[in-house]
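User: I would like to learn how to read individual features in a protein model. Please take me through them one at a time.
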Amino acid sequence: MSRRQLRQVVVVGAGVAGTRAAETLRQDGYDGALTIVGAERHAPYHRPPLSKKFLTGQVHRAGVDLAPQFEMEARVLRGASATKLDLPSRTVQVRDENRDVSMQFDGLVIASGATPREWPGGPVPDGVLMLRTVDDCLAIRDRLGSRPRVVVVGGGFIGAEVAASCRSMGLDVVLIEKATSPLLAALGKELAPRWAELHRRHGVDLRVGVGVEAFVGNARVEAVRLTDGSQIPADLVVVGLGVRPATDWLDGSGLRVDDGVVCDATGAAEGSSPDAPVVAAGDVARWWHPLYERHLRTEHWDDAGRQGAAAARTLLAGPDGAETYEDVPYFWSDQYDVKVQMLGFPTDYDAIEIVEGDPDGWEFVAAYGQSGRTTAVLGTVANRVYAYRDAVAKRAEFPPAPPD
């Protein structure tokens, strides 16, 4: 099977997806020019600890760095951003320091990640922060030392983890979520209320079914006014409204962008061509998943790394040799003494059943099903979900029997 001959590859994005793509290119024998464009000035690092142990100070700065799997020869631009992609000329425009650079490529990896959704109400007072980068985390950590009254806006994974981390430090925490429960979209209406109970049991003042009307304060935040008319005193507000894929630089490129770069099941970007091959991976990419028969953009660290490696192999193999990526999505979240792990994708499930243990004791495994088949498994018993990988990957009859 012939492999595509490449001499100039550009990787836009220096997070886990871009880093694993670059490493895989070298591991699989690519010996041409390799340029990595990273928007942050930091070396690649792990994002999951930012809302957990790094936020609380249990892990120091060096502890979150992404250890390279091996030394690789690459030109790395830090603090640089891609601004435009021109497929006909096979060039990426990059803003590097105070100059614009045009980079030629014959292979492109898009791993530009995602950016936090900003507060829609316009400018906010000092003390209202977001958490996405290591610098964001350091800014929040600096304020935690004064033992502020913390309000977290948004009950997704980042918001829930920040609330748990701050509460574990003994801080007063209010968590605000517009839905009926935190983590509702991720876990479903049957299980999400258990995490609401978990936060309340640990002393979080959880407000659900209500939104934020305004932040009160001139130079500095003093309170948060809610849509039900109540007002919560606050010295520090962390806003977690989710993220959006970083695709603005792809406007007019000819690539299909719809809630991310739309890709086929190999990671090849729709709208690219054999003459201008482009793949995408990580938070910015929406891959077709054969198991779920839909495009998925998962926003999870583990998936991003595996997608980055798969995308690199697709770039090298070319359209005739590329392999379908069928790995089952996986994520985890640590909150207090509970680790939740999810294998699979539970959206559109029509049944859920506890297949092991007892939810009241926080040691259980739950299965999600659709049309009589198993689509996902959630567990709070460490690593037990892995035993169900075949049940999910092979769409076993629902509910799956507990593996031996």
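User: Which side chain meets that of Arg-286 in a salt bridge?

Analyst: Please keep in mind that this is a predicted model. To read a salt bridge, one looks for a side-chain nitrogen of Lys or Arg within 4 Å of a carboxyl oxygen of Asp or Glu. Here the partner of Arg-286 is Asp-258, with N and O 3.3 Å apart. Arg-286 belongs to strand β20, whereas Asp-258 is in the loop between β17 (243-245) and β18 (261-263), so the pair ties together parts that are 28 residues apart in sequence.

User: Are these two residues buried or exposed?

Analyst: The relative accessible area is read against two cut-offs: under 20% is buried, over 50% is exposed, and values in between are partly exposed. Arg-286, at 15%, is therefore buried, while Asp-258, at 39%, is partly exposed.

User: How many salt bridges are found in the whole structure?

Analyst: The search gives 28. One of them joins Arg-225 to Glu-213, whose closest N and O atoms are 3.1 Å apart. Because Arg-225 is in strand β14 (residues 223-226) and Glu-213 in strand β13 (residues 212-216), this pair links parts twelve residues apart in sequence. Both residues can be read with the accessibility cut-offs: Arg-225 has 30% and is partly exposed, and Glu-213 has 49% and is likewise partly exposed.

User: Which residue forms a salt bridge with Lys-339?

Analyst: The partner is Asp-334, at a closest N to O distance of 2.9 Å. Lys-339 is partly exposed at 32%, and Asp-334 is partly exposed at 26%. Salt bridges may also share partners: Asp-302, Asp-303, Arg-306 and Asp-327 are joined into one network in that way.

User: Let us turn to strands. In which sense do β1 and β2 run, and how many bridges join them?

Analyst: To read strand pairing, one asks which strands are bridged and in what sense they run. Strands β1 and β2 (residues 33-38) run parallel and are joined by five bridges. As an example of one bridge, Gln-8 has Ala-33 of β2 as its partner. Strand β1 also pairs with β7 (residues 107-110), again in the parallel sense, over four bridges. In that pairing, Val-12 is matched with Ile-110 of β7.

User: What unit do β1, helix α1 and β2 make, and why is β1 described as largely enclosed?

Analyst: The handedness of a crossover is read by following the path from one strand over the helix to the next. Together with helix α1 (residues 16-27), strands β1 and β2 make a right-handed β-α-β unit. As for β1 (residues 8-12), four of its five residues are buried, so the rest of the structure largely encloses this strand.

User: Where is Ala-163, and which residues does it touch?

Analyst: A contact list is best read together with the position of the residue and its accessibility. Ala-163 is located in helix α4 (residues 157-168) and, at 0% relative accessibility, is buried. Leaving aside residues up to four places away in sequence, Ala-163 touches Val-152, Val-173, Leu-175, His-199, Val-204 and Tyr-336.

User: Which residues that are not glycine have a positive phi?

Analyst: Backbone angles are read residue by residue. Among such residues is Glu-97, with a phi of about 60°, in the loop between β5 (91-96) and β6 (99-104). Glu-97 is partly exposed at 46%. Another case is Glu-293, with a phi of about 50°, in the loop between β20 (285-289) and β21 (294-296). Glu-293 is exposed, at 62% relative accessibility.

User: What does Gly-79 touch?

Analyst: Gly-79 sits in the loop between β3 (75-78) and β4 (80-86). Its contacts, apart from residues up to four places away in sequence, are Gly-38, Ala-39, Glu-40, Arg-41, Arg-95 and Glu-97. The C-alpha atoms of Gly-79 and Arg-95 are 8.8 Å apart, although 16 residues separate the two along the chain.

User: Which peptide bond is cis, and where does its proline lie?

Analyst: The omega angle is the value to read for this feature. The bond from Phe-398 to Pro-399 is cis, with omega near -5°. Pro-399 lies in the segment after α8 (389-393).

User: What does UniProt list for residues 330-400?

Analyst: An unreviewed UniProt entry lists them as "domain: Reductase C-terminal". Over these residues the chain is 7% helix and 51% strand, with the end C-alpha atoms 18 Å apart.

Note on methods. Residues numbered from 1 in each chain as written. Predicted model: local features only at pLDDT ≥ 70, side-chain atom pairs only at ≥ 80, totals over all residues. Heavy atoms only, no water. Buried < 20%, exposed > 50% of the residue type's maximum accessible area, 1.4 Å probe, protein only. Helix = DSSP H or I, 4+ residues; strand = E, 2+ residues; numbered from the N terminus. Pairing = 2+ DSSP bridges. Right-handed = clockwise from strand over helix to strand, strands pointing away. UniProt positions renumbered as here; feature names shortened; annotations may be inferred. Contact = heavy atoms within 4.5 Å.
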